[in-house]
Amino acid sequence: MNNTPVLKVQDIHKSFGNVEVLRGVSFEVEKGETKVFIGPSGTGKSTLLKCINQLTIPDRGNVWLNGREIVHSHVKINLYRQQMGMVFQNFFLFDHLTAVRNVEISLIKVKRMNRKEAREKAMEELSRVGMADKANSYPAELSGGQAQRLSIARALAMDPEVMLFDEPTSSLDPELTGEVLDVMRKLARGGMTMVVVTHEMGFARWAANEIFFMDEGVILESGPPAEMFTRPRFERTRRFISRMTELYAEEQSDG
Ligand SMILES: Nc1ncnc2c1ncn2[C@@H]1O[C@H](COP(=O)(O)OP(=O)(O)OP(=O)(O)O)[C@@H](O)[C@H]1O
Ligand SMILES: [Mg+2]
């Protein structure tokens, strides 16, 4: 069972009305790998992540988590979702709860930890993202970068098998983007299994074991960063990467 991928996605199709948004997407993620999805707006990247954690049910295709089939199976969906940490562009924090309460709430309600254990674990996760000193702040009192780091801590607290990130920095100013990417780099280095949708080419180049270029509902091409950045097969890929590299030059310079 050693070479069972943590995540296997096979031939995912999804239409909304008569628009086919995903037209057969397949990929795998091994333990400890970071796979990065890039591509123009509207090409189905978010829909793909939602199909993976079953926020959206694909029309066709399947997903396996550690070899266990998910779509159309009898796996309890909540049990499955717990094993996938999801971080969105907008943080989806509980505004009426402090940072530490945001993290510990699902430890208490879902993992059934007692308050003391949950508090300890929550503080550990906050430290991991550099937010221990903000434990008693409410989301409204946090910067965008801090709020996003908090939402990462909340996802990590569930000890997920894989972390899914959907443009986690695209609502942040450049200076706040850096602190979130630093946390993600640290996770990647620490062996976390990750699927990341991002426009941050510096991060993609540094962190990705493999980059997937999505175009019109399919993976047009994929490869390790060295290949995708220097000799992509398609002109569309080359143009996209060079445009994004210019747009996000900030991150390139310290990435
Ligand atoms: N729930 C929905 N109902 C109808 N259409 C949808 C729904 N969700 C997504 N779409 C459509 O599917 C297409 C792909 O959307 P998706 O959000 O997956 O793209 P994306 O690659 O994540 O784009 P972006 O880079 O802008 O985030 C878009 O045309 C979008 O309008
Ligand atoms: Mg999207």
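This report describes two sheets of a predicted model, the helices that pack on one of them, and the surroundings of ligand 1.

**The six-stranded sheet**

Six strands come together in an open sheet, and when they are read across the sheet their order is 6-7-8-3-9-10, with pairing that is mixed. Strand 6 (84-87) and strand 10 (218-223) stand at the edges, where each has a single partner strand, so one side of each is left without a neighbour in the sheet. If direction is ignored, neighbouring strands of this sheet are turned by 20° against each other on average.

At one end of the order, strand 9 (residues 210-215) pairs with strand 10 in the antiparallel sense, and five bridges join the two. Within this pair, Ile-211 stands opposite Gly-223 in strand 10, while Asp-215 stands opposite Val-218 in strand 10. Strand 9 and strand 10 also form a hairpin, with two residues between them, and Glu-216 in the turn has a positive phi of about 50°.

Two helices can be described together with this sheet. Helix 9 (residues 235-247) packs on the sheet and touches strand 3, strand 9 and strand 10, and the direction of helix 9 makes about 105° with that of strand 9.

Helix 1 also packs on the sheet, where it touches strand 3 (34-38), strand 6, strand 7 (162-166), strand 8 (194-197) and strand 9. The direction of helix 1 makes about 150° with that of strand 7.

**The four-stranded sheet**

Another open sheet has four strands in the order 2-1-4-5, and its pairing is antiparallel. The edge strands here are strand 2 and strand 5 (68-69), each of which pairs on one side only.

The table lists the pairs of neighbouring strands in this sheet, together with the bridges that join them and one example of residues that stand opposite each other.

| Strand pair | Bridges | Opposite residues |
|---|---|---|
| Strand 1 (residues 7-16) and strand 2 (residues 19-29) | eight bridges | His-13 and Arg-23 |
| Strand 1 and strand 4 (residues 60-65) | five bridges | Leu-7 and Leu-65 |
| Strand 4 and strand 5 | two bridges | Leu-65 and Arg-68 |

Strand 1 and strand 2 form a hairpin with two residues between them, and in the turn Gly-17 has a positive phi of about 60°. Leu-65 of strand 4 can be followed across the sheet, since this residue is the bridge partner of Leu-7 and also stands opposite Arg-68 in strand 5.

**The surroundings of ligand 1**

Which residues surround ligand 1? The shell consists of Phe-16, Val-21, Pro-40, Ser-41, Gly-42, Thr-43, Gly-44, Lys-45, Ser-46, Thr-47 and Glu-167. Sorted by class, these are three nonpolar, six polar and two charged residues. The largest share of the shell, three residues, comes from helix 1 (residues 45-52), and this is the helix that packs on the six-stranded sheet.

Some residues of the shell place polar atoms beside oxygen atoms of the ligand. A polar side-chain atom of Lys-45 lies 2.8 Å from an oxygen atom of ligand 1, and a polar side-chain atom of Ser-46 likewise lies 2.8 Å from an oxygen atom of ligand 1. For Thr-43, a polar atom of the backbone is involved, and this atom is 3.2 Å from an oxygen atom of ligand 1. On its own, ligand 1 has 640 Å² of accessible area, of which the protein covers 56%.

Methods:
Residues are numbered from 1 along each chain as its sequence is written. Chains are lettered from A and ligands numbered from 1 in the order in which they are written. This is a predicted model: local features need pLDDT of at least 70, side-chain atom pairs count only at pLDDT 80 or more; totals for chains, interfaces and linings use all residues. Side-chain values use heavy atoms; hydrogens and water are left out. A residue is near a molecule or strand if one of its heavy atoms lies within 4 Å of it. A polar contact is a pair of N or O atoms within 3.5 Å; within protein, one must be able to donate a hydrogen and the other to accept it, and residues adjacent in sequence count only if both atoms are side-chain atoms. Accessible areas come from the Shrake-Rupley method with a 1.4 Å probe; for residues, only the protein chains shown count as cover. Ala, Val, Leu, Ile, Met, Phe, Trp, Tyr, Cys and Pro count as nonpolar, Asp, Glu, Lys and Arg as charged, and the others, Gly among them, as polar. Two strands pair if DSSP finds at least two bridges between them. Axes are lines fitted to C-alpha atoms, for helices over the stretch in contact, and angles run from 0 to 180 degrees between N-to-C directions. Contact means heavy atoms within 4.5 Å.
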